[in-house]
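Please look over the structure below before you read on. Keep it in view and find each residue as it comes up.

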Amino acid sequence: MATCTHLDEITLTQLPDAVDGCEDCLASGGVWLHLRICLCCGHVGCCDDSPNRHASAHGAQPGHAIMRSIEPGEDWSWCFRDEIAMRIPEITGAPRIPPSPMLS
């Protein structure tokens, strides 16, 4: 079974109480579909089904290998380097998120 070799990069184990949306979309006036958070630094980006794919762009940077979905009811994480999905039970919290502007 494949395993993630970047778990030591995780610094965020408690998710924030709430987020405002994709940080990059908010800064540029863009829209997002689903939100992801970098477990290495806490940056919130948008999913690959969003026009700008900010979470993947962020994950391509060195030291930001693992992100987690913060969509309600989802608890999966993804390692961009090892290309593996996983659940990390040590990550806790369920942030309040705004509705997707793409679904409005």
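The report below covers the model, a cavity, the salt bridges, backbone angles and a surface patch.

## The model

This is a predicted model, in which local features need pLDDT of at least 70, side-chain atom pairs count only at pLDDT 80 or more, and totals for chains, interfaces and linings use all residues. Residues are numbered from 1 along each chain as its sequence is written, and side-chain values use heavy atoms, with hydrogens and water left out.

Helices (H or I, at least four residues) and strands (E, at least two) are DSSP runs, numbered from the N terminus. Residues are called buried under 20% relative accessible area, exposed over 50%, and partly exposed in between (1.4 Å probe, protein chains only). The areas come from the Shrake-Rupley method with a 1.4 Å probe; for residues, only the protein chains shown count as cover.

## The cavity

Rolling a probe the size of a water molecule over the atoms shows where empty space is left. Here a cavity is a set of points, on a 1 Å grid over the protein atoms alone, where a 1.4 Å probe fits but cannot get out. Grid points are joined across faces, edges and corners, and a volume is the space filled by probe spheres set on the points. How many cavities of 30 Å³ or more does the search of the whole structure find? It finds 1. The volume of the largest cavity is about 50 Å³.

Which residues line the largest cavity? They are Arg36, Ile37, Cys38, His43, Gly45, Ala55, His58, Gly59, His64, Met67 and Phe80. A lining residue has an atom within 4 Å of a point. Strand 1 (35-38) and helix 2 (54-59) each give at least two residues to this lining. By type, the lining has 5 nonpolar, 5 polar and 1 charged. In this count Ala, Val, Leu, Ile, Met, Phe, Trp, Tyr, Cys and Pro are nonpolar, Asp, Glu, Lys and Arg are charged, and the others, Gly among them, are polar.

Take a closer look at one lining residue, Met67. Methionine 67 sits in strand 3. It is buried, with a relative accessible area of 8%. Methionine 67 and cysteine 40 are 27 residues apart in sequence, yet their C-alpha atoms are 7.8 Å apart in space. Glycine 45, also in the lining, can be paired with leucine 26. These two are 19 residues apart in sequence and 9.9 Å apart in space, C-alpha to C-alpha. Leucine 26 belongs to helix 1 (residues 23-28). It is partly exposed, at a relative accessible area of 46%.

## Salt bridges

A salt bridge is a side-chain nitrogen of Lys or Arg within 4 Å of a carboxyl oxygen of Asp or Glu. The whole structure has 3. In one, arginine 36 meets glutamate 74 (3.7 Å, N to O). Arginine 36 lies in strand 1 and glutamate 74 in the loop between strand 3 (66-69) and strand 4 (76-79), so the pair ties together parts that are 38 residues apart in sequence. Is arginine 36 buried or exposed? Arginine 36 is buried, at a relative accessible area of 10%. Glutamate 74 is partly exposed, at 32%.

Another bridge joins aspartate 75 and arginine 87, with the closest N and O atoms 2.5 Å apart. This pair links distant parts of the chain: aspartate 75 is in the loop between strand 3 and strand 4, arginine 87 is in strand 5, and they are 12 residues apart. Aspartate 75 is partly exposed, at 33%. Arginine 87 is exposed, at 60%. Arginine 53 also forms a bridge, with aspartate 48, where the closest N and O atoms are 3.1 Å apart. Aspartate 48 is partly exposed, at 39%.

## Backbone angles

Most residues other than glycine have a negative phi. Arginine 53 has a positive value, near 50°. It lies in the loop between strand 2 (44-46) and helix 2. It is partly exposed, at 42%.

Glutamate 83 also has a positive phi, near 50°. Its place is the loop between strand 4 and strand 5. Glutamate 83 is exposed, at 59% relative accessibility.

## A surface patch

Which residues form a nonpolar patch on the surface? They are Val31, Met102 and Leu103, with about 270 Å² of accessible area together. Patches are made of residues with over 30% relative accessible area and no salt bridge; like charges are joined within 9 Å, and nonpolar side chains (Val, Leu, Ile, Met, Phe, Trp, Tyr) within 5 Å. Leucine 103 lies in the segment after strand 5 (84-87). It is exposed, with a relative accessible area of 66%.

Methods
1 Å grid on protein atoms, 1.4 Å probe; cavity = no way out; pocket = protein on both sides within 12 Å on 5 of 7 lines; lining within 4 Å.
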